[in-house]
Each structure stands twice: as structure tokens, then as C-alpha cells.
Amino acid sequence: MNGTRDTNDITATGDDGELGPQEAAALLAQTKRQARRKFNPNPPLLSLLRAVVVLGAYGAVWLSVRDQHPYKGPSGGAIAILYLLVAIVIVASVVFLRRATTGVQGPSRARPAEITVLAAAWILVYVFMGALEHAGASHAIAYGIYPATAPLIIVGVAGAGLAQARADWPMFAGTLTVAVIATIAAYFGPAGAWLVAGIALAAALLVHATATAWRQRA
Amino acid sequence: MPTEELDPLIHVPTRLRIVATLAALPDGDTLSFTRLQDMIGLTPGNLIIHLRKLEEAGYVTSEKTGNGAASKTTVALTTQGHKALDAYTEALRGLLGGL
């Protein structure tokens, strides 16, 4: 719960001795930095993990489809890796979220309706995939371009909508970036969509991790 | 260096840490007493004493819900508290020559 303390920890717990302006400024900056870090549900480490997972999951699928002519779809093993890695990210995200929001109450907490919207978007996008197959869509669409990009576009846009309602502009920019990346990736074909989406998302997550780490040090 | 222009209520290490921690909360959020205690590393008695002083000045607001062992106290920085911390930060900058 306490996380790591700064090596230049200034404070002595409960010490209310004389404080010079320089010490006060250092203490204020250090306390703000530590508090922001502890309240942040999306720390750099989590973004880094997400980047590795996205690259691993999308990369595994791409490796299984890159030589398919005509395109048939990802292998069972690649899909298993994809779901396993997605499950790892979900569990890690919940752990970080709980740690950051323990004892915090108020408007920043996710409301049940918001969670329902995102969960519905995520589930319905896969239900819709069944309709595509039922209607005779090619494997390139039903098992390629659509699953590689549509979940990211739909959930990204839904997330952006929720973020703008909260005036959470960093989250708005992040979720919209995901949707834009996925839309661009769709133009790279059924196999290329997995590769481009995976690399671009991982890069975006690395940028987020770096920016967050830099902000936290400032 | 003279420190008279610094708000004496905030210019105490423990209270400075309390106010700075609460200021880092997202807008409109409150923090449980136990989490704040955990983050600051104070005994409950010490924390209560400092919170009471801040509350008397209108810098902090606390709310208790429930009874007995199930009771929960949440704490938040008021608008006045945010302004006081901003003024304190500005005063510090002035003392340190804009550093």
C-alpha cells in the first residue's frame, strides 16, 4: 500500500520541527508527487505492461496469419495467447485501480452505468462478429480486419464519450487515439491490421508511460 | 530567511503533508481517514489533532458516516484550503526568488 519511498525522503513522520522555506518547498513537492503517484490508477508500470501485452497478443495473432493466402484467420493457439494476455491486463488493471482508489470516494470513481456501457460495447462488438459470419462475410473481414480493429474502435469511442462527459481530457485523448489507430490499421488488410494495430498501440502506450513518468517526476 | 508571510497553519511539516496529499485528490473527491493515515504515516490521535486544526480554519472538511466499528470518516480539502495552499505555494516561491 505504501509503495516505494523516495530515496531522498525528507520527512520524519510526525516531526513538526522548524521548517525553512527551502525544506518546505521540497517537502511540498515531494508530498504532491508521492500522492499523485499513489492516486494514479494508470501508472507508467501498468502502461508498460499493457504495451508489452498488446505487442505480444497482436504479434502472436499476426505470426499465425501472416503467410495465409487466402486469409483463414488466427490459429487456436494464437487466440488462446490473445485471451490469456488480455485477461492478465484486466487483472493487473483491476489491482492497480483498487490500490489507487482505496479510500477515495467521489466523482472520479467509475459509476456502474459507465462500466456497463464499456462492458456492453466490448461484448456486443463480438456478438456482431457472429452476424458478419452469418451474413457470409469473408474470413478476411470476419476473422481479420473486424476483430483486429472493431473492438478498439467501438470501445475507444465509447471510452472517449465517457471521458468527455467527465471532462477527463487526458483519458479522452488516450481513448480517441486508440480508436484512430485501429481505424488506420484497418487499411492494412486482414493480416497487416493485427501487426499495425499491435505496434501502434504499444507505441502509444509507451508514450503514455513515458509522459506519466515524466509528469510524476516534475 | 523570514517565514512570517507563510501561513503558520500550513507551515508545519505534518499539516503541509496532509494538505498537499488532499490537494492531489481528483476534484470533488474525498479520502478516508484510514487511507490518509496510511499515506501520512501518523497515529490516529496525531492525525485527528492536525485535522481538527485544519478543520477549525476551514481548510479541511470531514464527514463521518455509520456507527461504531462500521463508521467511516472521510476528509477533503475545502475551496478555502485549496486557496490557502496556493497562497502558501506562491509565498514560498516569493521567498525562494521564484525557484
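The paragraphs below go through a predicted model of two chains, A and B, beginning where they touch.

The contact between the chains brings together 28 residues of chain A and 31 residues of chain B. On the side of chain A that touches chain B, helix α1 (21-39) and strand β1 (104-105) each supply at least two residues, and α1(A) gives the most, with 12 residues. Sorted by class, the residues on this side of chain A divide into 11 nonpolar, 12 polar and 5 charged.

The strand β1(A) also takes part in a sheet with chain B. Strands of a sheet pair through backbone hydrogen bonds, either parallel or antiparallel. Here, 4 strands form an open sheet in the order β1(A)-β1(B)-β3(B)-β2(B), and the pairing is antiparallel. Because β1 of chain A and β2 (60-65) of chain B stand at the edges, each with a single partner strand, one side of each is left without a neighbour in the sheet. At one of these edges, 2 bridges join β1(A) to β1(B), residues 30-32, and Q105(A) stands opposite T30(B). At the other edge, β2(B) is joined by 6 bridges to β3(B), residues 72-77, with T65(B) opposite K72(B). A helix of chain B, α2 (residues 33-40), lies across β1 and β3 of that chain and runs at about 80° to β1(B).

Within chain A, a pair of helices can be followed next. Two packed helices are described by the angle between their axes and the distance between the axes. For α2(A), residues 44-65, and α7(A), residues 189-217, the angle is about 170° and the axes are 8 Å apart. Since angles over 145 degrees count as roughly antiparallel, α2(A) is therefore roughly antiparallel to α7(A). The contact of α2(A) with α7(A) has 20 nonpolar, 5 polar and 1 charged residues.

Two details of the backbone of chain A remain. Most residues other than glycine have a negative phi, and most peptide bonds are trans. The peptide bond from H69(A) to P70(A), however, is cis, with omega near 0°, and P70(A) is placed in the loop between α2 and α3 (76-101) of chain A. Another loop of chain A, between α5 (139-165) and α6 (169-185), holds A167(A), which has a positive phi of about 60° although it is not a glycine. Is A167(A) buried or exposed? With 10 other C-beta atoms within 10 Å, A167(A) is exposed, because a residue counts as exposed if 12 or fewer lie within that distance.

Note on methods. Residues are numbered from 1 along each chain as its sequence is written. Chains are lettered from A and ligands numbered from 1 in the order in which they are written. This is a predicted model: local features need pLDDT of at least 70, side-chain atom pairs count only at pLDDT 80 or more; totals for chains, interfaces and linings use all residues. Two residues are in contact if their C-beta atoms, placed from the backbone, lie within 7 Å. Ala, Val, Leu, Ile, Met, Phe, Trp, Tyr, Cys and Pro count as nonpolar, Asp, Glu, Lys and Arg as charged, and the others, Gly among them, as polar. Two strands pair if DSSP finds at least two bridges between them. Axes are lines fitted to C-alpha atoms, for helices over the stretch in contact, and angles run from 0 to 180 degrees between N-to-C directions. Angles under 35 degrees count as roughly parallel, over 145 as roughly antiparallel, 65 to 115 as roughly perpendicular and the rest as oblique. A residue is buried if 20 or more other C-beta atoms lie within 10 Å of its own, exposed if 12 or fewer, and partly exposed in between; C-beta atoms are placed from the backbone.
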